[in-house]
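Student: I have a structure to work through. Can we take it step by step?

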Amino acid sequence: MILLTGIPSEPPLAMVLGAADRENIPYILFNQREAQHCDIVLENTRQPDGGIIRLQEQEYRLEELQGVYLRLMDHRHLPEVSSGRHAQVNKDKTNKIAVFHELLTEWMEVAACRVMNRASDMGSNLSKPYQAQIIKNCGFKTPITLISNEPNTVRSFHRKYKRVIYKSISSVRSIVVELDAVKLMSIDKLRNLPTQFQAYVPGNDIRVHVVGDILFATEVKSEAVDYRYANREDLDVDMKPVQLPQEVEAACYRLSKYLALPLCGIDLRQTPENEYFCFEVNPSPGYSYYQEHTRQDIAGAIARYLEYGTALTQPTASKRHASS
Amino acid sequence: MKHLILAHQNDATAMRVYTNLVARHNTSEVSIVTDEELVFAQSWRHEITSGYKQTTIQLNNGRMLDNEKIGIVFNRLRGTPMPHFEHAKKSDREYAQMEMYALFLSWLFSMPGTVINAASPQGLGARDYSLYKWLALGSQAGLPVREYHFTSNSRRYYQSGFEPWKLESGHEYRINNKYHCRPHILSRQPVVYLEPDPVQTSRVLIIGDRVIGDIDKQHNGACVALARRANCEILQLDFGLFEHDWKLISVDAFPTVSDSVEIEAIVSFMENNTSKDALS
């Protein structure tokens with residue numbers, strides 16, 4: 001039995017729900033929109049990660065779950081608690097919903113079962129250069145990076161590397177922008193806050209989704225500097241599954257293991273010289289965008305990994321559940 | 001400069017460690033730098049490439065921090081004060097804080113020598129765990145732990161013989177801030193039911209492998225194991241006596257230390273773990 005959490009209509013969770021149904025994997029669903037009707041107990045009378053979760057009038061022992069897929073949106077933004085047409089201005093209800101989410105997430109922190117992914121393990125991308133050092137330790141090349149609040153240092157960096165991009169240091173999602181002559185003119189604003197600059201790395205983008213013991217590599221072709229925003233520049237994005245060299249696959253698995261992220265989205269770029277640079281690891285990947293374009297069965301792999309401890313196809317699984 | 005202490009300007013523990021170190025070493029080998037000095041540094045230069053990482057920070061008073069010259073860090077940072085963004089839009093202020101936090105985290109992680117206690121995404125200078133997480137980790141490390149039932153619904157999961165404490169979202173239910181709830185609150189609200197208060201409490205301080213405090217020696221190994229699990233060189237554990245058994249009741253990864261034996265133990269730990277490769 002696995003626990004799936006989030007908003008069921010959100011594509012990444014919807015796809016895992018569909019996959020679990022297709023593969024006869026037993027699951028329970030925590031629908032965040034029903035949080036006020038759910039309950040949880042965390043207790044240590046039996047074992048440190050013991051407890052009960054009560055969903056749709058039914059109780060389940062937490063320590064008996066095989067795995068959990070965490071796809072929770074920020075509970076403060078749920079229509080049931082945020083201001084607006086559906087808001088229920090009830091402090092107690094809001095507190096109950098918040099505490100339920102906090103206890104559930106904290107239980108996952110210490111739970112012995114498989115979790116995709118624990119909140120604390122998802123923290124590495126709070127700092128891109130911090131994560132870059134881990135990426136480097138796992139055997140990948142990373143872009144040459146400078147963080148500074150000194151305009152002259154940045155000007156020298158730009159002169160040296162010719163094409164330079166800048167982006168946020170933290171996990172705040174920012175559009176990657178190239179540093180051009182116009183932006184260099186306002187570089188003195190840097191004094192107030194150090195900023196991250198990187199030497200531009202040319203090549204094709206590859207998104208790798210590691211799911212436990214298997215991975216899916218997707219080549220993304222686009223003229224945009226940041227393909228996620230290609231449509232804003234009226235540019236096309238083309239995706240197709242690709243096979244990575246063995247050593248690159250091995251580095252992806254190392255990274256997933258080191259970061260304790262059995263599910264992660266790794267952003268690579270393959271240069272014209274056939275080198276692979278790693279830019280970032282996304283700990284809560286919106287993999288559905290890639291699955292929709294390529295038909296790679298990432299959702300099925302997630303459901304299988306959580307239930308069986310391996311994402312490999314289970315030839316006998318359907319029969320076993322159908323007969324039980 | 002071999003020993004670097006990073007702290008808020010009012011951190012008395014950091015100041016005691018600094019004073020003790022200065023009394024034993026050349027002043028050029030010891031430095032204390034505040035969070036505000038770092039935020040307002042004249043220049044930051046933090047570089048990471050596939051081949052090397054290098055950081056130099058020029059403070060406004062002329063002092064230069066160079067990673068290669070730092071042998072050990074006593075890290076007491078808690079946050080990134082950004083007073084110069086005080087009047088900025090909330091979103092800009094939050095963005096600036098997150099960016100500075102991300103930079104501090106990366107800088108501390110890039111230190112070649114030991115950082116006590118290492119920065120992590122869960123906190124710059126201390127693990128900011130909840131009471132539940134500390135107690136569960138304590139139990140997993142092999143320590144006897146006070147019994148608990150955290151629940152979102154006090155009435156449905158009522159625990160006879162336990163004391164209910166009101167559970168509020170966020171940091172409110174961490175042990176220092178919790179308070180007894182009155183009977184009328186026991187409707188269906190979140191509470192933590194705890195084993196009734198201990199008759200006596202005792203504090204233990206872990207410094208590296210050393211356990212300072214009055215607790216049964218048979219628990220020493222598990223105390224150190226908990227500190228290791230939390231990646232903390234310095235950790236305070238509080239135990240309570242329940243009938244005949246001592247049990248873990250709370251943990252503080254950012255302890256206030258004033259006892260001279262404990263301060264000297266921290267200083268000795270720093271001296272014994274200073275990187276020999278630090279450039280002079």
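Tutor: Start with a term: helices (H or I, at least four residues) and strands (E, at least two) are DSSP runs, numbered from the N terminus. Keep in mind that this is a predicted model.

Student: How many helices and strands does the secondary structure of chain A come to?
Tutor: Count the runs of each kind along chain A, using the cut-offs just given. For chain A, the totals are nine helices and 16 strands.

Student: What radius of gyration does chain A have, and why does it agree with a compact globule?
Tutor: Chain A has 324 residues, and a compact globule of that length would have a radius near 20 Å. The C-alpha trace spans about 65 × 50 × 40 Å along its principal axes. The radius agrees with the globule because chain A comes to 22 Å.

Student: What share of the contacts in chain A with a separation of 6 or more comes from residues 24 or more positions apart?
Tutor: Two residues are in contact if their C-beta atoms lie within 7 Å. Take the contacts with a separation of 6 or more, then pick those 24 or more positions apart. Their share is 66%.

Student: Which strands are the edge strands of the open sheet with the order 2-1-6-7 in chain A?
Tutor: This sheet has four strands with parallel pairing. Inside it, strand 1 (residues 2–6) and strand 6 (residues 67–71) pair over five bridges. An edge strand pairs on one side only; here these are strand 2 (27–31) and strand 7 (114–116) of chain A.

Student: What is the bridge partner of A:Leu4 in strand 6 of chain A?
Tutor: Look across from strand 1 to strand 6 of chain A, which pair in the parallel sense. Opposite A:Leu4 in strand 6 is A:Tyr69.

Student: At what angle does helix 1 of chain A run to strand 1?
Tutor: Helix 1 covers residues 11–22 and lies across strand 1, strand 2 and strand 6 of chain A. Its angle to strand 1 is about 155 degrees.

Student: Which strands stand at the edges of the open sheet of six strands?
Tutor: The order is 5(A)-4(A)-3(A)-8(B)-10(B)-9(B), with antiparallel pairing. Each edge strand has a single partner strand, so one side of it is left without a neighbour in the sheet. The edges are strand 5 (58–61) of chain A and strand 9 (163–166) of chain B.

Student: Which residue of strand 8 of chain B stands opposite A:Glu43?
Tutor: Strand 3 of chain A and strand 8 (residues 148–151) of chain B run antiparallel, joined by three bridges. Opposite A:Glu43 stands B:His149.

Student: Which element of chain A gives the most to the side that touches chain B?
Tutor: The contact takes 48 residues from chain A and 45 residues from chain B. Strand 3 (39–43), helix 2 (91–110), helix 3 and strand 8 (145–148) of chain A each supply at least two residues of that side. With eleven residues, the most comes from helix 2 of chain A.

Student: Is helix 3 of chain A roughly parallel or roughly antiparallel to helix 3 of chain B?
Tutor: Helix 3 of chain A (residues 128–137) and helix 3 of chain B (residues 90–109) have axes that come within 7 Å and cross at roughly 30 degrees. Angles under 35 degrees count as roughly parallel. The two helices are therefore roughly parallel.

Key
Residues are numbered from 1 along each chain as its sequence is written. Chains are lettered from A and ligands numbered from 1 in the order in which they are written. This is a predicted model: local features need pLDDT of at least 70, side-chain atom pairs count only at pLDDT 80 or more; totals for chains, interfaces and linings use all residues. The radius of gyration is taken over C-alpha atoms; the globule rule is 2.2 Å times the number of residues to the power 0.38. Axes are lines fitted to C-alpha atoms, for helices over the stretch in contact, and angles run from 0 to 180 degrees between N-to-C directions. Angles under 35 degrees count as roughly parallel, over 145 as roughly antiparallel, 65 to 115 as roughly perpendicular and the rest as oblique. Two strands pair if DSSP finds at least two bridges between them.
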